[in-house]
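This report describes selected features of a multi-chain protein model. The sequence and structure are shown first, followed by an account of one interface and of strand pairing in another chain.

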Amino acid sequence: MAVPILKQEDVLIAQVQAILSDDDLNQLKDDLSNRIGRARSRGVIIDVTALDVLDSFATRTIRGIAYTAKLRGANTVVVGIQPDVAFGMVQLGLSLEGVETALDLEEGLAFLRNAANSRGPRVR
Amino acid sequence: MSAEIRVPIEHERDIVTARQRGRELAAANGFSSTDQTLVALAISEIARNIVSYAKRGEVMLLALEETGRRGIVVIARDEGPGIADPELAMKDGYSTAKSLGVGLPGAKRVMDEFKLETQLGKGTTVTMKKWVR
Amino acid sequence: MTVSDRQRSLQSSMHDMGLTEEAIERRKRIVGLEPADLGRIAAVKDVVARGAEEFMATFFEFLSKLDEARPLVTSHGLLDRARQLKKAHLAAMVQGEYGTRYVEQRLELAQLYARAGLEMLVFLGAFHHLLRAIGSAIMKQFERSPMEGFENFMSLQKVAFFDIGIIVDVLVMERERTIRQQEEAIRELSTPVLQVRDRMLLLPIIGVIDTHRARLITESLLRAIRANRAKVVVMDVTGVATIDSKVANHLLQTVTAARLMGALVIVTGLSSEVAQSLVALGIELSKINTVGDLQGGLEEAERVLGYRLLRNGDALPPPTMTEN
């Protein structure tokens, strides 16, 4: 199932569905990369609230997305990692190092707003 | 005792099916939601190993009952190239293709029992068990 | 519970207690129950059957006089079922068949006693009275050949001891199970997660940390983060007995898991000895935010959340400019 991407002001929000295959993830990576450029987004939120497992491949791909987005000028925040999912990830030795995380969508948006403010007003 | 569940692994989307079946079986056998997640995670890792290295194989799931305890066993079998250095493959951070190098050792960490049998040119079988705590 | 449910649960209890056919045979050998006994038991079958009502009355009358047995004799559901099973027991005791089915019946009655919280001592007392009553009836029947009567009674007593063995094992097992559950409950209680302020949690860790406990701590912290929408967690390890590399790794995992959920963890209470030994062990703690003591940690957490602490009477600092 493809991951829908919504746009809210200068933030792209990827709403990951309950069933996420490797193909869906790779597709998301390409879609996001394209849309950051087109929409000149300053932030990306990957909402994984619906996901019940984040394995090594998903973790690695999400890190890849975050690094790519950074190179294109957007901060990435992963939001909504569930308690069981977080527990499983650390048991497996996965940490999403270098990627910002937030409790939920609201927190993610607040984080990106703060990051934008501390960077100073944008030149329009 | 319930019948075994077999999930053929050929495409990467089969990984999702295998881990869903595993979670369902774990739930039906009284595993906590955290442990269901760990089972699904371990299946995800070993099923991906099949897709990455052996192209095709299968994951077999079975409920277990032994004196006074319940659990499940996951057997992942393929007839792929086998693993040249199983000891090295079980080391954290080791990977030849597209995993993070946590696949096998990670799966071992989240399960209670783990056995890797491999023969060059013949294939690999991973047998893992987890008990309800 | 339906009949088949009860049957299934009995079978699983038999399984849990390892009561296989071999184990049952072994129990018979231990009490000395042999084929030769069966004939002698058959000889008292009628006496026991005739007096069954009376023997049962003796058993429950003894119990009804004891405070300790009150939960059993005051619950009609339990008492009726116990009477039913006891009657079946007296009939089965002299049938000569002491296999799986017989043991299952003993198990069911034993579990009922356990549910009623019957003490072993009380059960043994009642059982003794029951046997005494049976013994007197047998001796009366064999008045003219007391030796034969005694032999017959002794054979029946082997069955009685076989029964006692099973009942005692069930009562002991139930007690152990209760203790295990209490231990588990204490362990859960020993890792409280406290909400100190809005979106701020305090996790004081006290005692010994092993893999199991580390797991419980992490699980309850993660759930608390979700439930309280926590943004900052102060984890105080002042009370942790020893922090070696294994414990440090557990703590590191807890911190990482919390971060995955978007919460910042501040670790407080690492003594200088612990800090030095961790450095000596080569453990990477640079990823952890540490503050010396709990108070400092709480202040730091408040700062992160944007709180400012003011003493009464202090002048309010000028508000910071916010962008609109």
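Between chain B and chain A an area of about 2000 Å² is buried, and carbon and sulfur atoms give 56% of it. The model is predicted, as are all of the features described here. On the chain B side, 22 residues are in contact with 21 residues of chain A.

The polar part of this interface includes salt bridges, which number four between chain B and chain A. One of them joins Arg23(B) to Asp52(A), with the closest N and O atoms 2.8 Å apart. Across the same two chains, 12 residue pairs are in polar contact, with both residues at pLDDT 80 or more. The elements of chain B that give two or more residues to the side touching chain A are α1 (12–28), α2 (33–54) and α4 (103–110). The largest contribution comes from α2(B), with nine residues. By residue type, the side of chain B that touches chain A comprises nine nonpolar, six polar and seven charged residues.

Thr37(B) lies in helix α2 of chain B. Is this residue, Thr37(B), buried or exposed? Thr37(B) counts as buried because its relative accessibility is 2%, under the 20% cut-off. Its side chain reaches the backbone oxygen of Ser33(B) at 3.0 Å. Apart from neighbours within four places in sequence, Thr37(B) is in contact with Asp52(A), Val53(A), Asp84(A) and Val85(A), and also with Arg23(B). Asp52(A) is thus a contact of Thr37(B) and the salt-bridge partner of Arg23(B).

Chain C offers two strand pairings, set out below.

| Strands of chain C | Sense | Bridges |
|---|---|---|
| β1 (residues 194–197) and β2 (residues 200–207) | antiparallel | three bridges |
| β3 (residues 232–240) and β4 (residues 264–268) | parallel | five bridges |

In the antiparallel pair, Gln195(C) has Leu201(C) in β2(C) as its bridge partner. The hairpin of β1(C) and β2(C) has two residues between the strands, and Arg199(C) takes a positive phi near 65 degrees there.

In the parallel pair, Asp236(C) stands opposite Thr268(C) in β4(C). Which description fits the surroundings of strand β4 of chain C, enclosed or not enclosed? Four of the five residues of β4(C) are buried, so this strand is largely enclosed by the rest of the structure. In a regular strand, side chains alternate between the two faces of the sheet.

Notes
Residues are numbered from 1 along each chain as its sequence is written. Chains are lettered from A and ligands numbered from 1 in the order in which they are written. This is a predicted model: local features need pLDDT of at least 70, side-chain atom pairs count only at pLDDT 80 or more; totals for chains, interfaces and linings use all residues. Side-chain values use heavy atoms; hydrogens and water are left out. Contact means heavy atoms within 4.5 Å. Buried area is the accessible area (1.4 Å probe) that two parts lose on being put together, summed over both. A salt bridge is a side-chain nitrogen of Lys or Arg within 4 Å of a carboxyl oxygen of Asp or Glu. A polar contact is a pair of N or O atoms within 3.5 Å; within protein, one must be able to donate a hydrogen and the other to accept it, and residues adjacent in sequence count only if both atoms are side-chain atoms. Ala, Val, Leu, Ile, Met, Phe, Trp, Tyr, Cys and Pro count as nonpolar, Asp, Glu, Lys and Arg as charged, and the others, Gly among them, as polar. Buried means under 20% relative accessible area, exposed over 50%, partly exposed in between (1.4 Å probe, protein chains only). Two strands pair if DSSP finds at least two bridges between them.
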